[in-house]
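Biologist: I would like a close look at one small part of this protein, described slowly enough for a first-year student. Please begin with the part itself and then work outwards.

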Amino acid sequence: MKFLSVIGDPISHSKSPRMHNNAIKALGLDGIYTRYHLKNANLLREKIFELGFSGVNITLPFKEKALELADVKDDFAQNIGSANTLCVKENKIYAYNTDALGFLEAIREFKGIEKALILGAGGTALALAYALREKGIKVCIANRSQERLKEFSAYEAYLYENLKDFDFDLVVNATSAGLRDENLPCDKELLDRILARSKFAFEVIYGKETPFLTLCKNYNLKTKDGLDMLLWQGVFAFEFFFDTYNQREPIKNAMWQALRVE
């Protein structure tokens with residue numbers, strides 16, 4: 001039996017167990033998927049082996065650490081700089097990133113994007129920036145602190161207060177603002193200037209109307225939250241967990257069915 005989990009801080013909100021367990025059941029596979037609340041990033045590798053996980057999904061705030069601790073790193077995850085999927089094989093940890101692929105599927109309906117602004121500079125932002133750049137989209141990163149921007153040397157990256165360009169087709173909130181509290185990712189005055197000129201907005205958080213999404217809707221932007229991204233990154237992760245690459249549609253359908261259940 002495969003013992004799988006999602007690991008993060010916080011983690012109680014995660015719908016990944018519901019998705020993966022329904023797909024496991026639908027495909028008649030031998031496995032169970034749970035969630036694990038970890039507070040210390042330095043214990044991530046130790047806990048994976050101690051608890052006997054054969055695969056885990058990694059969420060905020062451990063995605064960079066997940067890549068760092070892996071023994072074998074997929075080229076895609078290596079280029080992105082973070083991992084959200086870890087598989088254990090013969091006592092080695094293999095790292096992958098399915099966030100980028102899931103994100104591109106989620107925004108497929110957003111047409112004509114030439115410039116995008118990503119708010120935040122964590123592991124998720126790294127994945128989304130890479131995905132957009134690979135599609136030929138100009139990407140700009142804005143963040144609250146300078147330290148995290150060091151990871152984005154391949155992109156235009158600014159502190160919020162130093163941002164001079166306000167014309168973007170797509171604005172992505174890749175921060176955790178709105179998850180624990182009701183804060184916006186940055187100053188409302190700055191967001192007002194940006195959103196007034198934008199077409200699309202994407203919120204990585206799912207399952208709640210965040211202040212960011214509410215503000216975007218006030219500007220009549222076409223918006224999406226992270227639910228479709230969650231769905232598709234889960235499908236791709238499931239394929240890695242079970243080495244099954246010819247049943248994508250039934251996996252997707254089973255996961256979507258689970259997500260629709262309140």
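Modeller: The place to begin is Asn-220, which comes just after helix H9 and takes a positive phi of about 60°. Keep in mind throughout that this is a predicted model.

Helix H9 covers residues 211-218, and its buried residues are Pro-211, Phe-212, Leu-213, Leu-215 and Cys-216. What do these buried residues pack against? Their partners are strands E7, E10, E11 and E12, the last of these being residues 222-224, together with helix H8, residues 188-195.

Take helix H8 first. Two packed helices are described by the angle between their axes and the distance between the axes. For H8 and H9 the angle is about 40° and the axes are 10 Å apart. Angles under 35 degrees would count as roughly parallel, and roughly perpendicular begins at 65, so these two helices are oblique to each other. Their crossing is right-handed. On the H8 side the contact is made by Lys-188, Leu-191, Asp-192 and Leu-195, and on the H9 side by Phe-212, Leu-215 and Cys-216. Sorted by class, the contact holds 5 nonpolar residues, 2 charged residues and no polar ones. An α-helix has 3.6 residues a turn, so residues three or four places apart point the same way.

Now turn to the strands that H9 meets. Strand E10 consists of residues 170-173. In a regular strand the side chains alternate between the two faces of the sheet. In E10, Leu-170 and Val-172 point one way, while Val-171 and Asn-173 point the other way. Are these residues buried or exposed? All of them are buried, whichever way they point.

Strands of a sheet pair through backbone hydrogen bonds, either parallel or antiparallel. E10 is joined by 4 bridges to strand E7, residues 115-119, and the two run parallel. One pair to find in the model is Leu-119 and its bridge partner in E10, Asn-173. E10 is also joined by 4 bridges to strand E11, residues 200-203, and again the two run parallel. There, Val-172 stands opposite Phe-202 of E11.

Phe-202 and Val-172 lead to another residue, Phe-103, which lies in helix H5, residues 99-106. Its relative accessibility is 0%, and therefore Phe-103 counts as buried, the limit being under 20%. Which residues does Phe-103 touch, leaving aside its neighbours within four places in sequence? They are Leu-128, Ala-131, Leu-132, Leu-170, Val-172, Phe-202 and Met-229. Two of these, Leu-170 and Val-172, are the E10 residues that point one way from the strand. The C-alpha atom of Phe-103 is also 7.6 Å from that of Gln-233, although the two residues are 130 apart along the chain.

A further part of the model is an open sheet of 6 strands, with mixed pairing and the order E2-E1-E3-E5-E6-E4. E2, residues 31-37, and E4, residues 72-73, stand at the edges with a single partner strand each, so one side of each has no neighbour in the sheet. The partner of E2 is E1, residues 2-8; 7 bridges join them, and they run parallel. Gly-8, for example, has His-37 of E2 as its bridge partner. Helix H1, residues 16-27, packs on this sheet, touching E1, E2 and E3, and its direction makes about 170° with that of E2. Helix H10, residues 227-242, packs on the sheet too, touching E1, E2, E3, E5 and E6, with its direction at about 5° to that of E5.

The loops around these elements hold some backbone details. Pro-10 is in the loop between E1 and H1, and the peptide bond from Asp-9 to Pro-10 is cis, with omega near 5°. Pro-61 is in the loop between E3 and helix H3, and the bond from Leu-60 to Pro-61 is cis as well, with omega near 0°.

Positive phi, the feature of Asn-220 with which this began, appears again at Glu-90, where phi is near 50°. Glu-90 is in the loop between E5 and E6, and at 79% relative accessible area it is exposed. Asp-243 has a positive phi near 50° too. Asp-243 lies in the loop between H10 and helix H11, and at 48% relative accessibility it counts as partly exposed.

Definitions and conventions
Residues are numbered from 1 along each chain as its sequence is written. This is a predicted model: local features need pLDDT of at least 70, side-chain atom pairs count only at pLDDT 80 or more; totals for chains, interfaces and linings use all residues. Side-chain values use heavy atoms; hydrogens and water are left out. Buried means under 20% relative accessible area, exposed over 50%, partly exposed in between (1.4 Å probe, protein chains only). Two strands pair if DSSP finds at least two bridges between them. Contact means heavy atoms within 4.5 Å. Axes are lines fitted to C-alpha atoms, for helices over the stretch in contact, and angles run from 0 to 180 degrees between N-to-C directions. Angles under 35 degrees count as roughly parallel, over 145 as roughly antiparallel, 65 to 115 as roughly perpendicular and the rest as oblique. A crossing is left-handed if the near helix is turned anticlockwise from the far one by less than a right angle, and right-handed if clockwise. Ala, Val, Leu, Ile, Met, Phe, Trp, Tyr, Cys and Pro count as nonpolar, Asp, Glu, Lys and Arg as charged, and the others, Gly among them, as polar.
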